[in-house]
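Reader: I am new to this structure and should like to understand the reasoning behind the terms applied to it. May I put some questions to you?

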Amino acid sequence: MADNQADMIIIGAGFAGLYMLHTARKLGLSARILEAGDGVGGTWYWNRYPGARCDVPSLEYSFQFDDDLQQEWQWSERYAPQAEILSYLNHVTDRFDLRGHIQFNTRVATASYDENSNRWTIESDEGQSHQAKFCVFATGCLSVSNKPNIQNEDLFKGPIYHTGQWSQQGVDFSDLNVAVVGTGSSAIQAIPVIAEQAASLSVFQRSAGYTVPAHNRPMDEAEQNAIKSNYARLRESASQQFSGNELFSNTRLASEMSAEEIRQECERRWEMGGLYWYGAFPDLLLDQKTNDMVADFFREKIQEIISDPELAKTLMPDTVFGCKRMSVDTDYYQTFNLPHVSLIDISESPIDAYTEKGLVIKDKEYEFDAIVLATGFDAMTGALDRIEIRGRQAQTLKEKWADGPLTYLGLQSAGFPNMFIITGPGSPSVLTNMIPSIEQHVEFVKDAIDYMHRNKFSVIEADVTAEDAWVAHVNEVAESTLLHSCNSWYLGANVPGKPRVFMPYLGFPPYVEKCEQVVKNEYEGFILK
Ligand code: N01
């Protein structure tokens, strides 16, 4: 096959792209990854900000498709730092001999389907062209940075960093006066680490979020060995949770528990730390009263930790707990007790503009040496939006998704044959531990292609009726919860002008069951030709 021809082109070399490449090659396909960066890792390649680490325990935030791999890799901490996750992904790349099939420094600009040849042409921004029967977008859910629209950026004399596109060389904040804009997960991880270096740190908060201590620690060897001696049990238990990771979920509704029992459960979860909170009460995201009790518990904790009562009040979230993704921290609130750290509430008055020396809000200028934007991502659709993707009759995906993403199972969009999205909108993705969700999607794609080969089909495409029904179902599930009630990135509400549509599907086990049913019914909802 010519160098620019393949059975499958995969865009992106993060967790999803690497596993898709490995799986396609095992299936006997010629496959190649096109990757914008000069190394593997995707999100974990770009997000090198201080304090970046996963907030799902590493023994779960890792591949399970190969038992030797999961047995041999040793995690050094309960929640591995970014550099270790990147080393792990490099290890995976070399262990499965993938590097030679990845073309780095290649940013894909367009992907178009030709009905006559039933092939995709994928072009880089430098005009290099590749052709393939299958086009797989492994472009990530949180991979395009959301930069706030603050005027006069060119005026500021110091450096402006974004957590989602951090400098490869690292940044030394020693003795600098630093601003951080944003208080989401990235900021919450970065703030305590930047505060250790900086002469002063000012945090600009538009809305307070919920964050819980990680209780991160060096990985206990005995604990690691115990899990590895029966890894399948952990993986199986995790797959039964709505989030695809172990939550030690309670089965009793808070509405059936006494105030004392609820309090005890909240204290227990605070001690466990991390995202285990989502397993505290089955009605946590369904019943406003339960949610209020948990929110009150968090506000009390903030009051206990923060010495200044006014500051404590500003740090207290007032939204539904879990409506925006909760964060997991190490000493976040404690950092605000330090004399050189201050919080600037911008909930009423946004940042107006950059100046030569800093930022201005309502005629008041704040001076800094460096500014860190921890302002998140154009989530789920951002990376797809930035590529001109053309399907049948040259329709673009962007036009089709103008009022919100339309997919069948988050895997395919009608009118775009033989194109797959790994953890696309409409799949559990960001509401789960991403790694098992990625594995489940890749394996679905592999099985579908294998089925096509065995039955001599050359085209697979989502049926528009099945797609409409699935989109309606995704919305219906979300609307039955409290997740609709705030301006979260799940709803696209963090990006001005983005349609307000709840994008991920809530519930890993029912989703997997649905996919299995679809396969059992010979790819029901897909048109095979
Ligand atoms: O982004 P975010 P993130 N002016 O969108 C504020 C995952 N993640 O990068 O809440 C001023 O959550 C914005 O304010 P508001 C995780 O899934 C995982 O922190 O919109 N402020 C908010 O405070 C997470 O949820 C890990 O009012 C502005 C912040 O910026 C997701 O990535 C680590 C603004 C953005 O928070 C995104 O997290 C890190 C403006 N114009 C992230 N625009 C792990 O541990 C936005 N903000 C695996």
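Reader: Where is Gln412 found?

Author: In this predicted model, Gln412 belongs to the loop between helix H13 (397-400) and strand E18 (419-421).

Reader: Why does Gln412 count as buried?

Author: The term buried requires a relative accessible area under 20%. Gln412 has 0% relative accessibility, and therefore counts as buried.

Reader: What makes the approach of the Gln412 side chain to Met419 a polar contact?

Author: The pair of N or O atoms must lie within 3.5 Å, with one able to donate a hydrogen and the other to accept it. The side chain of Gln412 reaches the backbone oxygen of Met419 at 3.0 Å, so this pair meets the distance limit. A polar atom of the same side chain also lies 3.0 Å from the backbone nitrogen of Ala462.

Reader: Why is strand E8 called largely enclosed by the rest of the structure?

Author: Strand E8 covers residues 177-181, and four of its five residues are buried; it is therefore described as largely enclosed.

Reader: How do you know that E8 pairs with strand E9?

Author: Pairing requires at least two bridges. Five bridges join E8 to E9 (residues 200-205), and the two strands run parallel. Val180 stands opposite Val203 in E9. Between these strands the chain passes through helix H5 (residues 185-197), in a right-handed β-α-β crossover.

Reader: What makes E8 and strand E16 a pair?

Author: At least two bridges are needed, and E8 and E16 (residues 370-373) have four, in the parallel sense. Val181 has Leu373 as its bridge partner in E16.

Conventions: Residues numbered from 1 in each chain as written. Predicted model: local features only at pLDDT ≥ 70, side-chain atom pairs only at ≥ 80, totals over all residues. Heavy atoms only, no water. Buried < 20%, exposed > 50% of the residue type's maximum accessible area, 1.4 Å probe, protein only. Right-handed = clockwise from strand over helix to strand, strands pointing away.
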